[in-house]
Amino acid sequence: MSEAYVAGTLEVGDGPGGGPLGALTALGARWEPGRPALARSGRGKVNSHVHLPPNFSAFSTVVEATELASAQGVGVLGASNYYDFGVYGPFAERSRSVGVFPLFGLEVVCLLDDLRQAGERVNDPGNPGKMYLCGKGLTRFAPMSPAAAQLMGTVRSIDSDRIAAMIEKLGRILAAGGVETSVTEASLKAAVMSRYGVPAEAVFLQERHVAQAFQEALFAAVPNGALPGVLGAIFGAVAGLDPGAVSVQNAIRTHLMKAGKPGYVEESFVGFDHAYRLVLALGGVPCYPVLADGARPICEFERPVERLVASLRQRRIHCAELIPNRNVPTVLGDYVQALRSAGIAVLAGTEHNTPDMLPMEPQCVAAEPIPEDLKEIFWEGACVIAAHQFLTANGKSGYVDDHGEPNGSYGDGDARIKAFAEIGAAVIEQYSAMAGPHPVVSR
């Protein structure tokens, strides 16, 4: 990583050691634990899961993401990027400047081989055994420990090798359809570097980056009038294909890149234990992203919700997250209430990992509002992670320990969540007071 990039990432905040966590360590030095907590007087709007560039993102910059959050009254914003955290320094700085509390996270893909063999879908409806796992409230990513770096290196290598093979395959498919492109792994990385002003080591290509690159190459090589015929030759008979950029990107993924399609490259993943240990090595809380009725029928691992709760407990996962824009309010409510009743903290996010610019505060399917009682639970969950992030950044015990065991100072899951939520609410309030006049809560 270049010296300039390291400096730009680490010289953020004014606390001991600086870095993305500088504001939290500065707050720790002046912490007032007895101060009345924000949770008693108001609830903030929260979004615990977005992807920031250079991940594939609806946002063109970190500034855009944080300013949109502030303008729309979202006071807690969580990033869940894949495989590099260099952007978290600017994210911390920009968040603080607009009065938004940043949560640092990770999303990683793993494979549960026993579930794959049983044909059981987890939270990827097209791939049995494939699980997305998140880490919330990371505090050991700048720098990573040797153990974390080794675990992360394996994940990065597996993912990068597959993407490179897929780029080669897609190039051959388009050439066979009469369209020569110059897209390579190197050229695509260079394009992402240029677009977002980051070094090569910060770029980890995703399927959406690849689809976008080949869509742009298609549009550059084929005149508009000839595009429908060329697309038909490449994709086969696809009824009613919209020749717009985003539609063609989606078609490339659906008709060329998915399992069983000509551009597909067999996926290889780390195991669940590897992913779980990575989250802990980064100082985070393992968190399961619930798909629920985002898949129809609901994935076997997630139904009924009581079975999901038992499975999460078995795997020592004490936090869950939903992306409500996938869910109808009734199903969302069933899952959130059951998880929270089981002593599992619950979060909500939007992802913003497509070109569609959704509202920053999560909504349900078809823009239906989230019921108020569920918003309370999501606010509580965000406060729990804020408390974990604050406490561990200041050398204290967090919501879970380095082995994933829940903090033993509390009688049960409900008491633990309530205690951490109160700490987190006070942290957010005091952080907001340090950050400036921008409000963090909606009254």
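## How H6 and H11 cross

Helix axes here are lines fitted to C-alpha atoms over the stretch in contact, and angles run from 0 to 180 degrees between N-to-C directions. Helices (H or I, at least four residues) are DSSP runs, numbered from the N terminus. This is a predicted model, where local features need pLDDT of at least 70, side-chain atom pairs count only at pLDDT 80 or more, and totals for chains, interfaces and linings use all residues. Residues are numbered from 1 along each chain as its sequence is written, and side-chain values use heavy atoms, with hydrogens and water left out.

Take H6 (residues 146-176) and H11 (residues 272-281): their axes come within 9 Å and cross at roughly 135°. That makes the pair oblique (not under 35 degrees, over 145, or 65 to 115). The crossing is left-handed, meaning the near helix is turned anticlockwise from the far one by less than a right angle.

## Who touches whom

On the H6 side, Ala148, Leu151, Met152, Thr154 and Val155 meet His274, Arg277, Leu278 and Ala281 of H11; contact means heavy atoms within 4.5 Å. By class, that's six nonpolar, two polar and one charged residues, with Ala, Val, Leu and Met among those counted as nonpolar, Arg as charged, and Thr and His falling under polar.

## H14 and H7

H14 (residues 372-393) has 22 residues, which at 1.5 Å a residue should span 32 Å; its end C-alpha atoms sit 31 Å apart, which agrees. The expected span is 1.5 Å times one less than the number of residues. Of those 22 residues, 19 are buried (under 20% relative accessible area, 1.4 Å probe, protein chains only), so H14 is largely enclosed by the rest of the structure. Gly395 follows H14, with a positive phi near 75°.

H7 (residues 185-196) has twelve residues and should span 16 Å; its end C-alpha atoms are 17 Å apart, which agrees. After H7 comes Gly197, whose phi is positive, near 65°.

Methods
Helix = DSSP H or I, 4+ residues; strand = E, 2+ residues; numbered from the N terminus. Buried < 20%, exposed > 50% of the residue type's maximum accessible area, 1.4 Å probe, protein only.
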